[in-house]
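Reader: I am new to this structure and would like a close look at a single part of it. Please take one sheet as the starting point, and then place it among the other parts that can be described.

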Amino acid sequence: MAKITLDNLAHSYLPKPGSEDDFALKELNHDWEDGAAYALLGSSGCGKSTLLNIISGLLHPSQGRILFDDKDVTNAPTAERNIAQVFQFPVVYDTMSVRDNLAFPLRNRGRDETYVSERVQEIAQMIGMEDMLNKKARGLTADAKQKISLGRGMVRKDVNALLFDEPLTVIDPHMKWELRTQLKKLHRDFGHTMIYVTHDQTEALTFADKVVVMYDGRVVQIGTPQELFERPEHTFVGYFIGSPGMNVIPARIDGNTAYLSGAQMELAQEYKPLDGKVEIGVRPEFVRLSQTEGMPVKVRRVEDVGRHKIIRAEFFGTDINIIAGEADPVSADMNRVIFDNAHVNVYANDWRVQGEAA
Amino acid sequence: MTLELKGVSKTVDGLTHIYTTDLTLEKGTMNVLLGPTLSGKTSLMRLMAGLDVPATGQIIWNGKDVTGQRVQDRKVAMVYQQFINYPSMSVYDNIASPLKLMGVDKSEIDRRVRENAELMKLTPMLDRKPLELSGGQQQRCALARALVKNAGLVLLDEPLANLDYKLREELRVEIPKIFEASGSIFVYATTEPEEALLLGGNVATLWEGRITQFGPTPSVYRQPIDATTARVFSDPPMNFLAISKTGGRIMFGDGQSAPATGKIAELDDGRYLAGFRPNHLEIGKHETDAMEFKTTLSVTELTGSETFVHLDHHGERWVGLIHGVHNLTLGDELSVWLDPRHVYIFGEDGKLVAPAAYALAA
């Protein structure tokens with residue numbers, strides 16, 4: 001396993017990129033720690049596959065270097081980087097048995113047959129295919145084939161890193177959480193450096209120790225699932241993580257007071273004067289309706305989703321969402337709203353601003 | 001306008017795909033077919049549309065028998081999981097295509113295309129080709145084409161399954177609004193309980209080719225008639241525990257018991273199955289009369305704003321839900337509490353014998 005360093009890395013698909021907008025991947029410096037499990041999360045077109053392809057060597061970056069354990073591999077072809085990859089769609093040899101498919105990477109490197117057979121058995125148990133080892137891969141279902149791809153990706157212990165590109169797309173929803181957690185367990189047991197690309201928040205947050213959120217070619221936050229939930233560093237993180245995402249409301253901040261159109265509230269911290277577009281962000285979980293206290297709000301619609309209610313409301317022209325418990329009463333005379341100020345973040349031009357103790 | 005299925009069934013090569021079904025859908029209603037993959041949702045929709053002919057029974061549209069009538073001759077629109085648009089036509093022409101086939105005059109086509117494009121937020125994209133749109137916009141184009149016909153029956157077969165979850169979230173909010181504006185009979189198939197709840201209206205829960213229950217969505221959710229319906233309409237699935245009633249008490253094992261009150265007091269002594277939802281397992285806090293169970297944390301799943309904890313309770317798998325994102329250590333012992341008001345009681349045959357007290361209050 002290795003530490004992977006991205007040094008001033010950037011990529012443009014254009015031959016002569018001019019402005020920053022021409023870059024699919026904007027300049028990036030980052031160390032992927034040895035043995036950590038990362039998820040690369042973002043919507044389609046955010047640059048996450050570009051980054052993965054640069055790490056694997058399928059793509060040569062227009063700028064910067066990539067190092068494995070401090071050794072420059074920027075110009076090394078994929079084969080020399082010693083990494084394992086699992087793609088969105090299964091890649092298996094149809095004419096081979098499941099056993100031979102799993103053994104392929106080991107035999108390719110001339111490992112002896114006793115070791116190969118032990119290791120294949122171990123992996124087969126992990127992916128739950130022990131009783132299918134002698135079957136030909138042809139004719140298996142898409143998710144069985146994808147499990148073979150996953151197993152083959154993990155069969156070698158001596159790889160520098162394991163890269164997964166949306167590996168669960170073809171897996172039946174009921175199998176997904178099982179495989180997700182198996183991957184996580186595997187990571188705990190073997191300590192591979194793993195990078196897992198996905199647009200699915202549950203996949204990313206469940207699998208990874210640290211989630212790298214990308215937006216518009218840029219890394220906007222690297223953090224634990226808890227940090228992404230509690231302190232989104234960028235409004236996109238607040239929107240993208242959580243269902244529904246964070247409420248973002250235009251504001252003017254003066255010290256520890258936020259002026260929100262026709263209302264105002266006290267913040268938990270003190271802020272210096274801010275320039276540009278200023279907003280506060282508060283997750284629906286930290287907003288509460290009331291009959292008597294708080295700021296005025298208009299309730300538009302109440303959706304009962306079983307375990308809780310989602311209240312769609314209008315706060316001075318901004319649509320906001322509120323989450324209330326299954327048993328919490330919501331009545332027509334609840335036209336006030338309270339934002340829990342311990343969970344209100346302040347944003348200037350979409351980036352979170354750190355306040356000071358008030 | 002009504003759609004009636006009378007004793008409808010469907011068999012393929014001797015295998016029963018749909019068991020004898022009676023179902024009446026009324027004008028201007030949203031009807032969700034909820035069930036796992038292969039439970040019969042698509043089969044049922046194909047029968048409703050006239051794409052397949054039932055083995056037995058009749059399909060009645062507005063009191064008229066239309067069994068065996070071709071889909072082309074019925075007033076039906078359908079949207080599938082895959083986005084189906086004509087790639088060489090503009091969004092405008094895609095939406096206009098069913099009206100052109102019907103021979104509607106040009107100015108009327110223009111009016112209806114623009115009206116539906118506005119509803120689906122596609123007005124700025126009318127001149128583009130479908131492949132120049134995002135996945136969500138492509139599916140909205142397919143939806144607009146289905147709506148523009150003013151078909152009396154609109155069938156939507158997992159229309160959001162292929163979209164990113166953020167787009168899904170947005171369209172789930174929009175679809176009930178579109179439906180309210182139209183007045184047609186909507187039938188919407190999904191595998192996801194949360195989607196069914198967001199859509200509201202009525203729900204038919206499906207399991208292995210049978211409709212297990214049909215009624216207003218929130219009441220089917222809170223008052224399932226059997227354990228199968230409760231299982232289908234709970235994600236993650238409902239937790240179960242074997243219990244017994246002795247005298248005036250319900251014994252939950254682990255030395256935990258609760259007084260048999262309300263409907264439960266009328267039950268005979270004997271063995272039953274307790275069912276309770278993940279969000280009703282309380283962790284870290286609890287009501288005073290809640291019962292405590294010791295479990296081991298085997299897996300956590302984080303969804304962005306919630307934490308699902310997979311628990312081992314004497315070899316049984318339970319799932320709990322905690323609001324917020326929490327970093328918990330796997331393998332740790334975890335005490336969970338259960339308020340007896342949140343417990344459904346099923347007979348050994350799976351039929352509900354006593355509803356959860358909270359559901360009756362809600």
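Author: In this predicted model, chain A holds an open sheet of 3 strands, whose order is β17-β18-β19 and whose pairing is antiparallel. The strands β17 and β19 (318-325) of chain A stand at the edges of the sheet, and since each has a single partner strand, one side of each is left without a neighbour in the sheet. From one strand to the next, the twist averages 25°. Strand β18 (residues 308-315) of chain A is joined to β19(A) by 8 bridges in the antiparallel sense, and in this pairing A:Arg312 has A:Asn321, a residue of β19(A), as its bridge partner.

The edge strand β17 also leads to the contact between the chains, to which chain A gives 28 residues and chain B gives 24 residues. On the side of chain A that touches chain B, at least two residues are supplied by each of α6 (173-190), α7 (201-207), α8 (225-230) and β17 (298-304) of chain A. The largest share of that side, 4 residues, comes from α7(A). Sorted by class, the side of chain A that touches chain B has 9 nonpolar, 11 polar and 8 charged residues.

Another element of chain A is helix α5 (residues 142-154), whose 13 residues should span 18 Å at 1.5 Å a residue, and this agrees with the 19 Å between its end C-alpha atoms. Of the 13 residues of α5(A), 11 are buried, so this helix is largely enclosed by the rest of the structure. Among the buried residues of α5(A) are A:Ala144, A:Ile148, A:Leu150 and A:Met154, and the list also includes A:Lys145, A:Lys147 and A:Arg152.

Turning to chain B, the domain assignment gives domain 1 (2-231) and domain 2 (236-361), and the centres of domain 1 of chain B and domain 2 of chain B, taken over C-alpha atoms, are separated by 36 Å. Between these domains, 9 residues of domain 1 of chain B are in contact with 11 residues of domain 2 of chain B. On the side of domain 1 of chain B that touches domain 2 of chain B, the largest share, 4 residues, comes from helix α8 (residues 227-232) of chain B, and the residues of that side divide into 4 nonpolar, 2 polar and 3 charged.

Definitions and conventions. Residues numbered from 1 in each chain as written. Chains lettered and ligands numbered in written order. Predicted model: local features only at pLDDT ≥ 70, side-chain atom pairs only at ≥ 80, totals over all residues. Contact = placed C-beta atoms within 7 Å. Nonpolar A, V, L, I, M, F, W, Y, C, P; charged D, E, K, R; others polar. Domains from an automatic or database assignment. Expected span 1.5 Å × (residues − 1). Buried ≥ 20, exposed ≤ 12 C-beta atoms within 10 Å, placed from the backbone. Pairing = 2+ DSSP bridges. Axes fitted to C-alpha atoms, helices over the stretch in contact; angles between N-to-C directions.
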